[in-house]
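Me: I'd like to learn how the words people use for a protein model follow from its numbers. Could you take me through a few of them?

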Amino acid sequence: MPFEVKLTIFIVAAVFVAVLLGIWFFYTPLKKRKFRHAPKEAFYKTVRKVADDGDYYLVNNVKFDMGDGTIINIDHLLGGDKFLYVIMDRYFEGAINATAEDFYWVYYLKDHKNTLKKEIPSPLIETKNIVNRLSLVSGLQINYLVGIVLINKDCFVSRFENVEGEVQLVPTNRLSEVISSYESKEVEAFNGEDLHRVIHEIHDLSANAKNAE
């Protein structure tokens, strides 16, 4: 093989390897930056994929007017075969120190070179209250509703364990696994027509609340 051909092959291979290394090196920080600046879009893609893979109903950006001036906002309602999942998005730029029972969490927020420490209300408690109210509005029994607080997978949560039967704290990379575990439980499945009716009623209630704003 002529030297010029060998040299050309070597250069092309070297460029190809350099491009792959560049993609590998920059992919994670670029993905984190996109998540940071557009967390809602990133969370939506995660939930959308689970809905598509399982052929589940999905309603996003749900609003409820409780009739007393209180508006409930739900990021995603995912209708599985056995449960209706109430999913709330939470993006944390840093670390969380919390337990499932805490009413307030300690949030270590990254701010350039510094780390700010502050207390925040527990999103699990907030979501539990929303699940209870949704049960009242929709007429669905509470045991058919599963609350999920969905967080970015790179958020560090210290000493945390989910409690069975309570609202679950789930990183994005485990959402599919968690939904599958619930759908595999030995419980009676939804009646398809009833689930379709409830989802559409919720959609209509949400549309009415949005139009009233």
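Reply: Happily; here are some labels and the values behind them, and please keep in mind that this model is predicted.

Me: What makes Asp55 count as exposed?

Reply: Exposed means over 50% relative accessible area. Asp55 has 71% relative accessibility, so Asp55 counts as exposed. You can find Asp55 in the loop between α2 (39-54) and β1 (57-65).

Me: What is notable about the phi of Asp55?

Reply: The phi of Asp55 is positive, at about 55 degrees, although Asp55 is not a glycine. Asn61, which sits in strand β1, is another residue other than glycine with a positive phi, near 55 degrees.

Me: Why is α2 called oblique to α4?

Reply: Start with the angle: α2 and helix α4 (residues 175-183) pack at about 40 degrees, and their axes are 10 Å apart. Roughly parallel would need an angle under 35 degrees, and roughly perpendicular takes 65 to 115. About 40 degrees fits neither, so α2 is oblique to α4. As for handedness, the crossing of α2 past α4 is right-handed.

Me: Which residues are closest to the centre of the second largest pocket?

Reply: That pocket has a volume of about 240 Å³. Its lining has 15 residues, and the closest to the centre are Ile142, Leu145, Val146, Gly165 and Glu166. Two elements, α3 (123-138) and β7 (145-151), each give two or more residues to the lining.

Me: How does the lining of that pocket divide by class?

Reply: The lining has 7 nonpolar, 4 polar and 4 charged residues. Gly counts as polar and Glu as charged, so Gly165 is one of the polar residues and Glu166 one of the charged ones.

Technical notes
Residues numbered from 1 in each chain as written. Predicted model: local features only at pLDDT ≥ 70, side-chain atom pairs only at ≥ 80, totals over all residues. Heavy atoms only, no water. 1 Å grid on protein atoms, 1.4 Å probe; cavity = no way out; pocket = protein on both sides within 12 Å on 5 of 7 lines; lining within 4 Å. Points joined across faces, edges and corners; volume = space filled by probe spheres on them. Helix = DSSP H or I, 4+ residues; strand = E, 2+ residues; numbered from the N terminus. Buried < 20%, exposed > 50% of the residue type's maximum accessible area, 1.4 Å probe, protein only. Axes fitted to C-alpha atoms, helices over the stretch in contact; angles between N-to-C directions. Parallel < 35°, antiparallel > 145°, perpendicular 65-115°, else oblique. Left-handed = near helix turned anticlockwise from the far one by under 90°.
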